[in-house]
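Hello,

Here is the structure I promised to pass on to you. Please have it open while you read the notes underneath.

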Amino acid sequence: VGRVSADDADEGSNGDVVYFIPSGQSFGDWFSVNLAGQIQTNQALDRELVNVISLRVVAADLGVPPLESNPAIVKITLGDVNDNAPKFGDIPAGGDYRINVKENLAPGTVIGMLNATDPDEGDAGKVSYAFVGNEFAGIISLNPATGVLTLDQTLDREAKAEYKGGLKAADSASPPLETTISLLISVEDVNDNDPVFDSVDYRCFVFENAKDRKS
C-alpha cells in the first residue's frame with residue numbers, strides 16, 4: 001500500500017525505530033505495518049464500503065523505556081475495480097419482472113421502466129439495457145439508456161394473454177458485467193367484444209296447448 005519512515009538521532013537501540021498501528025481506529029485491522037515501515041493489507045478491501053481511509057501510524061524506538069512519536073496520518077484512497085454487476089433492486093438474477101398491460105393501449109404507450117444500479121465508478125457503473133432473444137420483437141421496445149418500455153402494437157388478450165422473454169442490464173466496462181432477468185407481460189382484458197349469436201337463424205317448435213314457462 002505504501003511506506004512510512006521515521007528517524008531517531010539517538011545511538012544504538014535508542015535510535016532503532018519500529019512502527020505500529022494503534023488499535024481502536026476504524027478499519028485499522030485491515031492493515032499492518034512491518035519493521036521497515038511498509039503498510040500492507042490484511043484482507044481484501046471494498047471501495048463500495050469505504051473509499052478513503054485515514055490510518056494513524058506510530059513510530060517507536062527500542063530504548064528502555066521506549067519513546068513514541070506523534071501519530072502520522074496515512075491517507076489511503078481505494079481505487080475502483082469492476083467487481084459489481086448491475087442489480088435490479090430486489091429482483092434476483094434470473095427472477096421475474098412482471099408488468100400488467102391493458103389490451104387496448106395504443107402503440108407508443110409507456111408500460112414500464114427498468115431500474116438497475118451499479119455502485120462501481122465511471123464506465124463500470126454506467127448501466128445499459130437490452131432484450132435477450134427476440135420474443136418481444138415488434139411488440140415492445142426498450143430504450144437501452146433509460147430502460148423505458150413502450151408498446152409497438154396494441155395487444156389483444158384474446159389472441160395472446162402473456163408474453164415472456166429475457167432482458168439484461170450490463171455495465172460499460174471492458175469486459176462488462178451483466179445481470180439477466182425475465183420480463184413477464186400479462187395482458188389484461190377490457191370489454192372490447194360485442195356479444196355474437198352462434199347462429200343468425202333460430203327455429204323453434206311449440207305445441208299450441210303448451211303451458212306457460214315450458215320449453
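Below is what I found, going from strands to aromatic rings to charged side chains. Please keep in mind that this is a predicted model.

**Strands around β12**

A good place to begin is strand β12, which covers residues 162-171. How many of its residues are buried? The count is 7 of 10, so by the cut-off of under 20% relative accessible area the strand is mostly covered.

Strand β12 has two partners that I would like to point out. With β9, the pairing is antiparallel and runs over 6 bridges. If you want a spot to look at there, find Phe131, which stands opposite Leu167 of β12. With strand β13 (residues 178-188), β12 also pairs in the antiparallel sense, here over 9 bridges. Ala170 has Glu178 in β13 as its bridge partner. The link from β12 to β13 is a hairpin, and 6 residues make the connection.

**Aromatic rings**

The count of aromatic pairs comes to 3. One of them is formed by Phe88 and Tyr129, whose ring centres are 6.4 Å apart, with 50 degrees between the planes, which makes the pair tilted. Where do the two residues sit? Phe88 is in the loop between β6 (72-77) and β7 (96-102), while Tyr129 belongs to strand β9 (residues 127-132). The pair therefore links distant parts of the chain, 41 residues apart. Both Phe88 and Tyr129 are buried.

**Salt bridges**

As you know, side chains of opposite charge can pair when their charged atoms come close. In this model the count comes to 7 salt bridges, and here are some of them.

Arg47 and Glu121 meet through their side chains, at 3.3 Å from N to O. Why does this pair tie together separate parts of the chain? Arg47 lies in the loop between β4 (38-41) and β5 (52-61), and Glu121 lies in the loop between β8 (110-113) and β9, so the salt bridge joins parts that are 74 residues apart in sequence. Is Arg47 buried or exposed? Its relative accessibility is 11%, so Arg47 counts as buried. Glu121 has 44% and therefore counts as partly exposed.

Strand β12 comes back in the salt bridge between Asp96 and Lys164, where N and O are 4.0 Å apart. Because Asp96 lies in strand β7 and Lys164 in strand β12, this pair ties together parts 68 residues apart in sequence. Asp96 is partly exposed, at a relative accessible area of 30%, and Lys164 is partly exposed too, at 47%.

Strand β13 takes part through Glu188, which forms a salt bridge with Lys102; their closest N and O atoms are 3.5 Å apart. Lys102 lies in strand β7 and Glu188 in strand β13, so parts that are 86 residues apart in sequence are tied together. Lys102 is partly exposed, with a relative accessible area of 41%. Glu188 is also partly exposed, with 30%.

Finally, which residues are joined into one network? Arg47, Glu48, Asp80 and Glu121 are, through salt bridges that share partners.

If you would like a short route through the model, start at the antiparallel pairing of β12 with β13, go on to the tilted pair of Phe88 and Tyr129, and end at the salt bridge between Arg47 and Glu121.

Happy viewing, and best wishes

Definitions and conventions: Residues numbered from 1 in each chain as written. Predicted model: local features only at pLDDT ≥ 70, side-chain atom pairs only at ≥ 80, totals over all residues. Heavy atoms only, no water. Phe/Tyr/Trp six-rings, centres within 6.5 Å; stacked < 30°, edge-to-face > 60°. Helix = DSSP H or I, 4+ residues; strand = E, 2+ residues; numbered from the N terminus. Buried < 20%, exposed > 50% of the residue type's maximum accessible area, 1.4 Å probe, protein only. Pairing = 2+ DSSP bridges.
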